[in-house]
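Please work through the following exercises with the sequence and the structure side by side, trying each task before reading its solution.

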Amino acid sequence: MSAIKILSVDDEAPMESLMRQYFRRKIRNGEYEFYFAHNGLEALAILYNNPDIEIILSDINMPEMDGLALLAKVNEMRNPALRVIMVSAYGDMGNIRQAMNNGAFDFATKPIDMDDLALTIEKAISQIAYVHESQKEHTQLESLKKDLTTARDIQQYILPSVFPPFPEDQDKLDIYASMEAAKDIGGDFYDFFRIDEDNIALVIADVCGKGIPAALFMAVSRTMIRSKGTQCNSASECLTVSNRLLAAYSVDCMFLTAFYAIYNIKTGLVNYCNGGHNAPLLLKADGTTQELPNSQNMIVGAFDGIKYIEDTLQLEHGDTLVMFTDGVTEAMDTENKEYGDDRLASTLSGLAGKSCQQIVEGIKASIKDFVNGAEQSDDITMLVMKRI
């Protein structure tokens, strides 16, 4: 541990000898390191050359620049760790009080009780240590915040963000997606990719938990499902294989809910498998809505050896499949009331005939109006596809 640097400012010559004599053991042991000045101007010069000085013992009545003027200059330095102990005659309580009101840490009266001064210095050192620890924690938090910002940027980068994603087929289908994390980074994700000329894969998922662990598991899960999706012949096979691999590598019982679908561009047939996820909604061209059957499958990544069951859905021209995470329906207002399935279905009905982007933005606007400024508690993610 480095020595505490102390600046003694006093125009009386015996003060320097008194300090060196009384604190000789701490000086010898490298605990204290003293600097001496005879007025405020000398003190400022020493402080300029030694910015790591953290305790100032200053007399109030001095020539050229007194202790109160020095205190004002020290305050301008805005060093939260610097502590000023004022020294003056007992009868000078007016100036001492002014010094305390102007930010002095403590005071001592002449003739100085050195034992009492030593305790005051130790008290100052204790507070200085606390300031340093707080500054260290602040630096660590700033570093973590920077890392989180970088992680958020990476997470947003790996999610598809170019729309329309399949321009060669934009006369056959419309796709749009959005993910708004509740924290700097989230655990939700969506994905879509071409399997072959006729089939496109669609994925929406919600990883348990929040923050960095969820984001890391999200990245692994997305990569796994995308990789297996290009190799498997059906939606159920993709989730079955992905579940086995994710369960083997899951840490701290991480898991996710996932809806995985294979859409045939030519026929409009959707082969899908729901792994414990929210049932998507089907928005018909006439504005009616229909909820797909609730999932009969387990969550993904928690248990090995599970065989997932799939189902099919026929999309007619103008039909829109709306996939979402529970952050949509469970968004809460200031009275902790949830947005809910019924409100989502009603909002969707009013968006019939709109593009997928307009549907996503319309739902987000409806949620914003509903929560009325309440803090977002969960990631809000949507993936919408329409057969044109």
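**Exercise 1.** In this predicted model, decide whether Asp106 is buried or exposed, and then find the salt bridge that its side chain makes.

Solution. Begin with the relative accessible area of Asp106, which is 14%. Because a residue counts as buried when this value is under 20%, Asp106 is buried. Next, look for a partner of opposite charge: the side chains of Asp106 and Lys123 meet in a salt bridge, with N and O 2.9 Å apart. Then place the two residues in the fold: Asp106 belongs to strand S5 and Lys123 to helix H6, so the pair ties together parts that are 17 residues apart in sequence. Finally, check the partner, Lys123, which is partly exposed because its relative accessible area is 41%.

**Exercise 2.** Which parts of the chain are linked by the salt bridge between Glu12 and Lys110?

Solution. First take the distance: the closest N and O atoms of Glu12 and Lys110 are 3.5 Å apart, and the two residues form a salt bridge. Glu12 sits in the loop between strand S1 (4–9) and helix H1 (14–22), whereas Lys110 is in strand S5 (residues 106–110), so that distant parts of the chain, 98 residues apart, are linked by the pair. Glu12 itself, with a relative accessible area of 42%, is partly exposed. Across the whole model, the count comes to 19 salt bridges.

**Exercise 3.** Determine where the cis peptide bonds before Pro111 and Pro164 lie.

Solution. Start from the general expectation that most peptide bonds are trans. The bond that joins Lys110 and Pro111 is cis, with omega about -5°, and Pro111 is placed in the loop between S5 and H6. The bond from Phe163 to Pro164 is also cis, with omega near 0°, and here the proline is in the loop between H6 and strand S6 (173–180).

**Exercise 4.** Explain why Cys232 is in no disulfide, and state whether Cys232 is buried or exposed.

Solution. A disulfide needs a pair of cysteine sulfur atoms within 2.5 Å. The nearest cysteine sulfur to that of Cys232 belongs to Cys238 and is 5.2 Å away, so the pair does not meet the cut-off and Cys232 is in no disulfide. By this rule the count for the model comes to 0 disulfides. As for its surroundings, Cys232 has 10% relative accessibility and therefore counts as buried.

**Exercise 5.** What residues make the nonpolar surface patch, and which helices contribute to it?

Solution. The patch, of about 380 Å², is made by Leu141, Leu144, Ile212 and Leu216. The elements that give two or more residues to this patch are helix H6 (114–158) and helix H7 (211–229). As one example, Ile212 lies in helix H7 and is partly exposed, because its relative accessible area is 38%.

**Exercise 6.** Where are Asn336 and Asn372 located, and what are their phi values?

Solution. Recall that most residues other than glycine have a negative phi. Asn336 has a positive phi near 65°, and its place is in the loop between helix H9 (326–329) and H10. Asn372 has a positive phi of about 55°, and its place is in the loop between helix H11 (356–371) and strand S15 (380–387). To finish, compare each accessibility with the cut-off of over 50% for exposed residues: Asn336, at 57%, counts as exposed, and Asn372, at 57%, is exposed.

Definitions and conventions: Residues numbered from 1 in each chain as written. Predicted model: local features only at pLDDT ≥ 70, side-chain atom pairs only at ≥ 80, totals over all residues. Heavy atoms only, no water. Buried < 20%, exposed > 50% of the residue type's maximum accessible area, 1.4 Å probe, protein only. Patch = residues over 30% accessible without salt bridge, like charges linked within 9 Å, V, L, I, M, F, W, Y side chains within 5 Å. Areas by Shrake-Rupley, 256 points an atom, 1.4 Å probe, with all protein chains shown as cover. Salt bridge = Lys/Arg side-chain N within 4 Å of Asp/Glu carboxyl O. Helix = DSSP H or I, 4+ residues; strand = E, 2+ residues; numbered from the N terminus.
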